[in-house]
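Here is a walk through one protein chain, written for someone who would rather look at residues than at statistics. Keep the viewer open and click along.

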Amino acid sequence: MDQNRDGFIDKEDLRDTFAALGRINVKNEELEAMVKEAPGPINFTVFLTMFGEKLKGTDPEETILHAFKVFDTEGKGFVKADFIKEKLMTQADRFSEEEVKQMFAAFPPDVCGNLDYRNLCYVITHGEEKD
């Protein structure tokens, strides 16, 4: 979504994203309303929180968990952070190095380099961390 790769999502990034999805004539007011929903500049962490808030009440958590479980063949509830980083940066809609850093800042791997994907999925779908 960060089309200009400056680390933040702004109106022009949203406009470019809509255009990539085939929606060309998005009104400025609509874009401004979207940006105003954020408490401040929209970086990756803010985006994840907002995304999670939008998903509340739906049930995509199982779908997201299933996607991670494909890589967790032993069913431990975590995957190696380096492995996820490599996949995020080389597959489909590729993450930049900065986006991966932002994700790991919000969801840091443990001392062994493991990413607790269950907690990550919970935050994405519920908007707040489990205790």
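## Phe-44 and its neighbours

Setting aside residues within four places in sequence, Phe-44 is in contact with Phe-95, Glu-99, Gln-102 and Met-103. Keep in mind that this is a predicted model. Phe-44 sits in helix α3, and its relative accessibility of 12% is under the 20% cut-off, so Phe-44 counts as buried. To see how the fold brings distant parts of the sequence together here, find Lys-101: Phe-44 and Lys-101 are 57 residues apart along the chain, yet their C-alpha atoms are separated by 9.4 Å.

Met-103, one of those partners, has its own set of contacts. Not counting residues up to four places away in sequence, Met-103 touches Phe-44, Ile-84, Leu-88 and Leu-115.

## The overall layout

Zooming out, the chain has seven helices and two strands. Follow the sequence and the order reads α-α-α-α-β-α-α-β-α. There are 131 residues in the chain, and buried ones make up 33% of them.

How much of the contact map comes from residues 24 or more positions apart? Such pairs account for 53% of the contacts with a separation of 6 or more.

## Two nonpolar cores

The largest nonpolar core has 17 residues, and the ones with the most contacts inside it are Phe-68, Met-103, Phe-107 and Leu-115. Two or more residues each come from α3 (44-55), α4 (61-69), α5 (81-90), α6 (97-106) and α7 (117-126). Helix α7 gives the largest share, with five residues. Apart from this core lies another one, of nine residues, and its members include Ile-9, Phe-18, Ala-38 and Met-50.

Tyr-117 is a handy residue to click on in helix α7. With a relative accessible area of 0%, Tyr-117 falls under 20% and is therefore buried. Leaving out residues up to four places away in sequence, Tyr-117 touches Leu-65, Phe-68, Lys-69, Asp-72, Gly-77, Phe-78 and Val-79. Tyr-117 and Lys-76 are 41 residues apart along the chain, with their C-alpha atoms separated by 10.0 Å.

## The largest pocket

Now for the empty space. The largest pocket holds about 1,200 Å³. Its lining takes in 36 residues, and those nearest the centre are Phe-44, Phe-47, Leu-88, Asp-93 and Phe-95. So far as helices go, two or more lining residues each come from α1 (11-20), α3, α4, α5, α6 and α7.

What is the chemical make-up of that lining? It divides into 21 nonpolar, eight polar and seven charged residues. Phe-44 turns up again here, among the residues nearest the pocket centre, and Phe-95, also on that list, is one of the residues Phe-44 contacts.

## Lys-85 on helix α5

Lys-85 belongs to helix α5. Buried, exposed or partly exposed? Its relative accessible area is 27%, which lies between the 20% and 50% cut-offs, so Lys-85 is partly exposed. Leaving aside neighbours within four places in sequence, Lys-85 is in contact with Glu-97, Val-100 and Phe-104. The C-alpha atoms of Lys-85 and Lys-101 are separated by 9.2 Å, with their positions 16 residues apart along the chain.

## An unusual backbone angle at Arg-5

Arg-5 is found in the segment before α1. It has a positive phi of about 55° although it is not a glycine. Arg-5 counts as exposed because its relative accessibility, 52%, is over 50%.

Exposed or not, Arg-5 has partners from far along the chain. Not counting residues up to four places away in sequence, Arg-5 touches Arg-94, Ser-96 and Glu-99. Arg-5 and Glu-98 are 93 residues apart along the chain, and their C-alpha atoms are separated by 8.8 Å.

## Cysteines and disulfides

How many disulfides are there? The count comes to zero, going by the rule that the two cysteine sulfur atoms must be within 2.5 Å. A disulfide is a covalent bond between the sulfur atoms of two cysteines.

Two cysteines are worth clicking on. Cys-112 has a relative accessible area of 53%, which is over 50%, so Cys-112 is exposed. Cys-121, at 0%, is under the 20% cut-off and is therefore buried.

Note on methods
Residues numbered from 1 in each chain as written. Predicted model: local features only at pLDDT ≥ 70, side-chain atom pairs only at ≥ 80, totals over all residues. Heavy atoms only, no water. Buried < 20%, exposed > 50% of the residue type's maximum accessible area, 1.4 Å probe, protein only. Core = buried A, V, L, I, M, F, W, Y, C linked by side-chain atoms within 4.5 Å. Helix = DSSP H or I, 4+ residues; strand = E, 2+ residues; numbered from the N terminus. Contact = heavy atoms within 4.5 Å. 1 Å grid on protein atoms, 1.4 Å probe; cavity = no way out; pocket = protein on both sides within 12 Å on 5 of 7 lines; lining within 4 Å. Points joined across faces, edges and corners; volume = space filled by probe spheres on them. Nonpolar A, V, L, I, M, F, W, Y, C, P; charged D, E, K, R; others polar.
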